[in-house]
Amino acid sequence: MTGEAVSAGADLDRFRAAIARRLGLSLDGQSGSALLAAWRRRAAAAEVTPAAYLLRLDSPPSWSAEVARLAEELTVAETYFFRNAAQFQALTQAVLPARARAAGPGEPIRILSAGCSTGEEAYSLAIAARETPELAGRPVIIRAVDVNGSSLARAVKARYTPWALRETSPEMRARYFRPVGREFALDVDVRTAVVFEQRNLIDGPGDLGAFDVVFCRNLLMYLVPDAARAVVAHLARALLPGGYLFLGHAETLRGLSDLFELAHTHATFYYRRQDRRAGSHLGTNRTLDAGSLARLEQSSTPDPVSRGQQAWIEDIQRASDRIRTLTAPPLTGAPAGSASRDLAALEDIVDFLGQERLADARAALAGLPAEVADSPRGLLVRAILSSHGHDLAATERLCDHLLQMDAGNAGARFLKALCAQRAGDLDAAVAEHRLAAALDPSFAMPRLYLGLLARRAQQAGSARRELERALPLLEREDPTRLSLFGGGFGRSALLALCRAEMAACGGAR
Ligand SMILES: C[S@@+](CC[C@H](N)C(=O)[O-])C[C@H]1O[C@@H](n2cnc3c(N)ncnc32)[C@H](O)[C@@H]1O
């Protein structure tokens with residue numbers, strides 16, 4: 001790279017790597033020409049050559065003002081009020097009342113919106129807190145951070161288009177907004193309840209604070225794994241023990257080991273930071289600052305924070321190929337003797353199911369020892385077999401049993417959705433399909449069904465959106481999982497179905 005001459009290829013890779021280091025963003029999916037254009041634009045604005053720009057961006061001292069300007073070019077700011085209504089129900093009906101019970105009398109509840117964009121999420125949190133009777137008379141502190149300064153400037157103005165309020169009920173709209181021309185101005189009390197701050201979450205934890213609830217939705221999905229690891233580390237330290245973390249619906253977390261447990265209410269998932277110090281001299285001491293909390297964790301246990309977050313991030317990284325209870329190797333290691341034979345027999349049943357040889361599958365299942373038949377994998381195999389036999393009650397029972405052992409099992413959720421569908425309870429079916437899709441964003445069948453069910457409900461817009469998401473998932477879906485959950489249809493038939501349904505509701509073919 002010399003002087004002005006930057007080009008696609010190696011130069012662009014270096015620019016991408018610099019962005020990943022400074023902003024955490026993964027730009028692999030972004031078009032090379034758009035990225036080059038942004039690079040040249042920012043270099044021109046800084047009055048340096050693109051080569052000099054890259055050098056400065058990538059070397060100390062930190063060029064934070066420019067990093068923030070780059071963020072304005074490169075981050076995705078999409079957001080709206082009350083995005084993911086189920087999460088707000090869980091917040092107001094379960095999480096905030098629980099945190100109010102844990103707090104001392106008159107002690108404030110603290111909430112963080114991390115990656116708040118233009119403010120809709122933070123203000124929704126402020127409104128939700130006001131609508132929670134258990135918080136009446138209690139101070140609520142809401143802090144909102146984002147790296148993108150122009151988004152924050154819009155947040156502070158608190159003027160929104162009707163589109164930003166598309167998921168806000170007419171009652172809430174009337175109570176908290178005032179029409180001004182073609183926009184809506186937010187109630188001043190709600191506006192002043194939120195403190196906004198420009199902050200790059202990749203840069204150290206600083207003094208984020210100690211929070212009862214953190215919303216960090218639709219941010220991790222844009223980051224490279226190392227950056228996501230760093231952000232999660234900061235947020236985990238900023239959460240009080242027993243506090244709650246909400247991620248975006250496509251950002252899943254399973255098997256958090258030390259620090260978090262999966263919570264599931266109101267047809268949505270979120271995470272609770274375990275209170276591992278309960279009974280210790282700290283108990284749930286809510287007045288700890290984040291720094292002392294982090295120090296304590298480091299001194300009292302063998303780095304539980306990094307182990308927990310390692311598990312989390314690995315989980316996110318594996319999002320595309322995990323929860324394949326049926327397609328993954330049954331157990332790690334190579335069990336010897338009869339154990340190995342039993343597991344092989346379970347795999348044979350998986351094969352029989354895939355080929356719809358149900359009688360063979362039943363016969364092989366009858367020969368399995370109880371501990372294999374009652375293992376998570378065994379339970380899922382049995383549930384699939386029951387669903388093939390249209391035994392809804394048995395399928396549900398087996399799925400519920402499996403979910404008690406493995407709350408994040410997307411296959412079990414999907415089967416429960418099919419049961420609800422067959423029983424005519426379409427609302428429950430949609431809720432279960434959503435859970436399955438949220439638990440495993442790479443799982444194609446629940447997405448396809450969400451599209452089909454939306455079509456049936458004559459919701460062309462959401463049908464199209466779901467089908468557009470289902471299509472690439474179907475193209476990549478694991479063949480074994482497709483044969484097990486695809487209802488007897490092969491990949492090409494399912495793709496053709498998906499395309500035809502998309503075309504029927506006005507989407508691209
Ligand atoms: C898609 S928006 C999500 C907004 C909101 N949380 C929601 O779910 O509706 C993602 C936000 O994350 C912010 N963001 C991305 N990288 C960041 C970083 N390193 N530090 C702080 N904010 C970041 C972006 O500027 C953007 O506003």
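A residue counts as buried when its relative accessible area is under 20%. That cut-off applies to strand β7 and to single residues in the legends below, which describe a predicted model.

**Figure 1. The whole protein contains 23 helices and 10 strands.** The chain has 509 residues, and 51% of them count as buried. Among contacts with a separation of 6 or more, 73% are between residues 24 or more positions apart.

**Figure 2. Seven strands form an open sheet with mixed pairing.** The order across the sheet is β6-β2-β1-β7-β8-β10-β9. The edge positions are taken by β6 (194–198) and β9 (260–265); each has a single partner strand, so one side of each lacks a neighbour in the sheet. On average, and with direction ignored, neighbouring strands are turned by 25° against each other.

**Figure 3. Strand β7 covers residues 211–216 and is mostly covered.** Six of its six residues are buried, each of them therefore under 20% relative accessible area. On one side, β7 pairs with β1 in the parallel sense over three bridges. Within this pairing, Ile-111 has Val-213 of β7 as its bridge partner. Strand β8 (residues 239–247) is also joined to β7, by five bridges, and these two strands run parallel. Here Val-214 stands opposite Leu-245 of β8. In general, the side chains of a regular strand alternate between the two faces of the sheet.

**Figure 4. Strand β2 meets the edge strand β6, and helix α7 packs on the sheet there.** Strand β2 spans residues 140–146 and runs parallel to β6, with five bridges between them. One of the pairings links Ile-142 to its bridge partner Val-194 in β6. Helix α7 (residues 149–157) touches both β2 and β6. The direction of α7 makes about 160° with that of β6.

**Figure 5. Ala-68 lies in helix α4, which covers residues 64–74.** With 11% relative accessibility, Ala-68 counts as buried, because the limit is 20%. Neighbours within four places in sequence aside, the contacts of Ala-68 are with Val-147 and Gln-198. Val-147 is 79 residues away along the chain, yet its C-alpha atom is separated from that of Ala-68 by 5.9 Å.

**Figure 6. Two loop residues, Ser-117 and Ala-267, have a positive phi.** Most residues other than glycine have a negative phi. Ser-117 is not a glycine, but its phi is about 55°. The loop that holds Ser-117 lies between β1 (109–114) and α6 (120–130). Ser-117 has 7% relative accessibility and so counts as buried. Ala-267 is likewise not a glycine and has a phi of about 55°. Its loop connects β9 and β10 (268–273). At 40% relative accessibility, Ala-267 counts as partly exposed.

**Figure 7. Helices α17 and α18 pack against each other.** Two packed helices are described by the angle between their axes and the distance between the axes. For α17 (residues 392–405) and α18 (residues 410–422), the angle is about 150° and the axes are 9 Å apart. Because this angle is over 145 degrees, α17 is roughly antiparallel to α18. Their crossing is left-handed. Helix α17 contributes Leu-392, Thr-395, Glu-396, Cys-399, Asp-400, Leu-402 and Leu-403 to the contact, and helix α18 contributes Ala-412, Arg-413, Leu-415, Lys-416, Cys-419 and Arg-422. By type, seven residues of this contact are nonpolar, one is polar and five are charged.

**Figure 8. Helices α20 and α21 form another packed pair.** Helix α20 covers residues 444–456 and helix α21 residues 460–476; their axes are 8 Å apart, at an angle of about 155°. That angle makes α20 roughly antiparallel to α21. The crossing of α20 and α21 is left-handed. From α20, the contact includes Ala-444, Met-445, Arg-447, Leu-448, Leu-450, Gly-451, Leu-452, Ala-454 and Arg-455. From α21, the contact includes Ser-462, Ala-463, Glu-466, Leu-467, Arg-469, Ala-470, Leu-473 and Leu-474. The residues of this contact divide into 11 nonpolar, two polar and four charged.

Technical notes:
Residues numbered from 1 in each chain as written. Predicted model: local features only at pLDDT ≥ 70, side-chain atom pairs only at ≥ 80, totals over all residues. Heavy atoms only, no water. Axes fitted to C-alpha atoms, helices over the stretch in contact; angles between N-to-C directions. Helix = DSSP H or I, 4+ residues; strand = E, 2+ residues; numbered from the N terminus. Parallel < 35°, antiparallel > 145°, perpendicular 65-115°, else oblique. Left-handed = near helix turned anticlockwise from the far one by under 90°. Contact = heavy atoms within 4.5 Å. Nonpolar A, V, L, I, M, F, W, Y, C, P; charged D, E, K, R; others polar. Pairing = 2+ DSSP bridges. Buried < 20%, exposed > 50% of the residue type's maximum accessible area, 1.4 Å probe, protein only.
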